[in-house]
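I opened my notebook to record what I could look up about rings, charges and burial, one entry at a time.

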Amino acid sequence: MTAPDPPPAITDDELLARFMLFSRWIREDRTLRPDGFMPSPNSDLSVTRQFGLSEVALWQIGQAVADALQKILYGRADLKTADVRRQRLQVDAAPLSENLNHANITGWPPDKPSQKIIAQELAASATFVARE
Amino acid sequence: MIIEMTASTVLSFGAVPTYGASETAQFVAEQAEQGRRQLHASFSFGMDGRGVLEELYSVTKGCLVADWDGYGAAPVRAEAFAQACRFLKALPFGVQAPSVGAEPDGQLTLEWYRSPRRLLSVSITPDGDLHYAALLGPNKAYGTEAFYGEVPRPILDLIHRVQAA
């Protein structure tokens, strides 16, 4: 499903995909709500590196994620790694057997208001791509 | 807009003390008070009519179980739902209806939105804490306020700033 293994080092210009699994994460004007960028209780945010992946392969991964979680895949949010790092977050490669391009956005501040403002910044900088 | 103006008018009228002792003055005062109550009720109904409470219920219902997002999210508790209802009903006249969401820690969110860089999000905890964050162009505002039945002034100000053209 995936192309050659992505390198562990993630460059600033790498694109990341956050799969949109809830319709309410997407506004009517096709912008994205920050709710979809809030960290999990484990303090990370799951994304997929687009490095070396074709559109078809990327959507296949998204669909597999949605299927595994029994959700609907509405689309994806494309994020630049540089925009994530601008928020003083880290992007850590975290390959999984079913998704070698998996990564986690980590380094979230512990307090909720700071997490929210960062999620708003990420949502504002992301681009929504609808599932075709 | 018409309802807002009418509400303001009646509220202003109702706020004027009536010192007359005549039956007419008493009647006018009672009618004004009744009108004020009806308008307040219709405002709450209006929020409901705009689907906010229904949306709140729908989002809550979809997030009642642990791991509702597949990434280990905490469930939304009934107390958070109740606090969100109280918060919505405490919003003053003229405030636009927010949209509703939920976050992985089980908190419900209300969002006022004009653009990706002009928005306010308020997270409501089961204990009644309000965590808020707003982007206002190049400016940011975020923090926490306690909810004691009235919308805290800093949050109300941010709602107005987001709504302002």
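I began with charges over rings, keeping in mind that this is a predicted model. The charged end of R18(A) lies over the ring of Y71(B), and I noted 5.4 Å from that end to the ring centre. I then looked up R76(A), whose charged end sits over the ring of W59(A), 4.9 Å from its centre.

Next I turned to pairs between aromatic rings, and the count over all chains came to 4. For F22(A) and W68(B) I wrote down a distance of 5.7 Å between ring centres and an angle of 75° between the planes, and because planes over 60 degrees apart count as edge-to-face, this pair is edge-to-face. This pair crosses between chains: F22(A) belongs to the loop between β1 (15-20) and β2 (45-49) of chain A, while W68(B) belongs to the loop between α3 (52-62) and α4 (78-90) of chain B. Are these two rings buried or exposed? F22(A) has a relative accessibility of 11% and counts as buried, and W68(B), with a relative accessible area of 4%, is buried as well.

I looked up another pair, F87(B) and F147(B), whose ring centres are 5.5 Å apart and whose planes stand at 65°, so I entered the pair as edge-to-face. The pair links distant parts of the chain, since F87(B) is in helix α4 of chain B and F147(B) is in the loop between β5 (139-146) and α5 (153-163) of chain B, 60 residues apart. Both F87(B) and F147(B) are buried.

Going back to F22(A) and W68(B), I found that ring pairs join them with W25(A) into a cluster.

My next entry concerns helix α3(B), where I asked which residues are buried. I listed V52(B), L53(B), L56(B), V59(B) and T60(B). Seen down the helix axis, the buried residues of α3(B) fall within an arc of 125°, so they line one face of the helix. I added a reminder that an α-helix has 3.6 residues a turn, so residues three or four places apart point the same way. On the face of α3(B) turned away from the buried side, I found the exposed residues E54(B) and K61(B).

Last, I looked up Q87(A), which lies in the loop between α2 (81-86) and β4 (90-93) of chain A. Its relative accessible area is 17%, and because buried means under 20%, Q87(A) counts as buried. Leaving out residues up to four places away in sequence, I recorded that Q87(A) touches I118(A), E121(A) and L122(A).

Methods. Residues are numbered from 1 along each chain as its sequence is written. Chains are lettered from A and ligands numbered from 1 in the order in which they are written. This is a predicted model: local features need pLDDT of at least 70, side-chain atom pairs count only at pLDDT 80 or more; totals for chains, interfaces and linings use all residues. Side-chain values use heavy atoms; hydrogens and water are left out. Rings of Phe, Tyr and Trp (its six-membered ring) pair if their centres lie within 6.5 Å; planes under 30 degrees apart count as stacked, over 60 as edge-to-face and the rest as tilted. Helices (H or I, at least four residues) and strands (E, at least two) are DSSP runs, numbered from the N terminus. Buried means under 20% relative accessible area, exposed over 50%, partly exposed in between (1.4 Å probe, protein chains only). A charge sits over a ring if NZ of Lys or CZ of Arg is within 6 Å of the ring centre and within 35 degrees of the ring normal. The arc is that of the directions from the helix axis to the C-beta atoms. Contact means heavy atoms within 4.5 Å.
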